[in-house]
Amino acid sequence: QVQLVESGGGLVQAGGSLRLSCAASGRTFSSVYMGWFRQAPGKERDFVAAITWSSGVTYYAESVKGRFTISRDNAKNTVYLQMNSLKPEDTAVYYCASKTYYTGSYSQSYNYWGQGTQVTVSS
């Protein structure tokens, strides 16, 4: 129903910036929330940020608030995560996700996932 492909990950020094992109295809009009999650080695997958597809309302984890910005371009079917002031603890595999129904929290129960892109922040 919805296919997601992430890009833009890489290696960056602490204090630097990266922009991740998520290209969506399929029934993108069905997406209620588009989100970013991350998983560091040995840790659980954590919520990072989300945006409503139709109106652009944004949500952020406290650990990234003020440093990361989520945005979307509906015409291009693309969601972005601008990451500034990166810290070594931001190192993780970052996943794009889509939620196509309204029930539940913006941070839970996403039903479509991308393959992930590695972000490594050196100190």
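**Exercise 1. Residues with a positive phi**

Task: Classify Ser 109 as buried, exposed or partly exposed from its relative accessible area of 43%, and then describe its backbone and that of Asn 77 in this predicted model.

Solution.
Step 1. Buried residues have under 20% relative accessible area and exposed residues over 50%, with partly exposed in between. At 43%, Ser 109 is therefore partly exposed.
Step 2. The loop between β9 and β10 contains Ser 109. The phi of Ser 109 is positive, about 65 degrees, although this residue is not a glycine.
Step 3. Most residues other than glycine have a negative phi.
Step 4. Asn 77, another non-glycine residue, has a positive phi of about 55 degrees. Asn 77 belongs to the loop between β7 (68–73) and β8, and its relative accessible area of 25% makes it partly exposed.

**Exercise 2. Pairing around β3**

Task: Determine which sense, parallel or antiparallel, applies to the pairing of β3 with β1 and with β8, and give a bridge partner for Gln 3 and for Ala 23.

Solution.
Step 1. Strand β1 (residues 2–7) pairs with strand β3 (residues 18–26) through six bridges, in the antiparallel sense. Within this pairing, Gln 3 has Ser 25 of β3 as its bridge partner.
Step 2. β3 and strand β8 (residues 78–83) also run antiparallel and are joined by six bridges. Here Thr 78 in β8 stands opposite Ala 23.
Step 3. Val 2 is part of strand β1 and, at 6% relative accessibility, is buried. The C-alpha atoms of Val 2 and Thr 28 are 6.2 Å apart, whereas the two residues are 26 residues apart along the chain.

**Exercise 3. The surroundings of β4**

Task: Establish how many residues of β4 are buried, and identify how β4 pairs with β5 and with β9.

Solution.
Step 1. Six of the seven residues of β4 are buried, and the strand is mostly covered.
Step 2. On pairing with β5, β4 forms six bridges in the antiparallel sense; Gly 35 has Ala 50 in β5 as its bridge partner.
Step 3. The hairpin of β4 and β5 has six residues between the strands, and in this hairpin Gly 42 takes a positive phi near 75 degrees.
Step 4. With β9, the pairing is antiparallel over seven bridges, and Met 34 stands opposite Ser 98 in β9.

**Exercise 4. Aromatic pairs**

Task: The structure holds seven aromatic pairs; assign a geometry to the pair of Tyr 33 and Tyr 59 and to the pair of Phe 37 and Tyr 110.

Solution.
Step 1. A pair of aromatic rings is described by the distance of the centres and the angle of the planes. Planes over 60 degrees apart count as edge-to-face.
Step 2. The ring centres of Tyr 33 and Tyr 59 are 6.3 Å apart and the planes stand at 65 degrees, so this pair is edge-to-face. Because Tyr 33 is in strand β4 and Tyr 59 in strand β6 (residues 58–60), the pair ties together parts that are 26 residues apart in sequence.
Step 3. Tyr 33 counts as buried, at 11% relative accessibility, while Tyr 59 counts as partly exposed, at 25%.
Step 4. For Phe 37 and Tyr 110, the centres are 5.1 Å apart and the planes are at 75 degrees, so this pair is edge-to-face. Phe 37 lies in strand β4 and Tyr 110 in the loop between β9 (92–99) and β10 (112–113), so parts that are 73 residues apart in sequence are tied together. Phe 37 and Tyr 110 are both buried.
Step 5. Ring pairs join Tyr 33, Phe 37, Phe 47, Tyr 59, Tyr 106, Tyr 110 and Trp 113 into a cluster.
Step 6. The charged end of Arg 45 is placed over the ring of Trp 113, at 4.7 Å from its centre. Arg 45 also lies over the face of Tyr 95, 3.9 Å from that ring centre.

**Exercise 5. The largest pocket**

Task: Characterise the largest pocket by its volume and by the classes of its lining residues.

Solution.
Step 1. The volume of the largest pocket is about 150 Å³.
Step 2. Its lining comprises 13 residues, of which Arg 38, Ala 40, Lys 43, Asp 46 and Glu 89 are the closest to the centre.
Step 3. The elements giving two or more residues to this lining are β4 (33–39) and β5 (46–52). With three residues, β5 gives the most.
Step 4. By class, the lining of the largest pocket consists of five nonpolar, three polar and five charged residues.

Technical notes. Residues numbered from 1 in each chain as written. Predicted model: local features only at pLDDT ≥ 70, side-chain atom pairs only at ≥ 80, totals over all residues. Heavy atoms only, no water. Pairing = 2+ DSSP bridges. Helix = DSSP H or I, 4+ residues; strand = E, 2+ residues; numbered from the N terminus. 1 Å grid on protein atoms, 1.4 Å probe; cavity = no way out; pocket = protein on both sides within 12 Å on 5 of 7 lines; lining within 4 Å. Points joined across faces, edges and corners; volume = space filled by probe spheres on them. Nonpolar A, V, L, I, M, F, W, Y, C, P; charged D, E, K, R; others polar. Phe/Tyr/Trp six-rings, centres within 6.5 Å; stacked < 30°, edge-to-face > 60°. Buried < 20%, exposed > 50% of the residue type's maximum accessible area, 1.4 Å probe, protein only. Lys NZ or Arg CZ within 6 Å of the ring centre and 35° of its normal.
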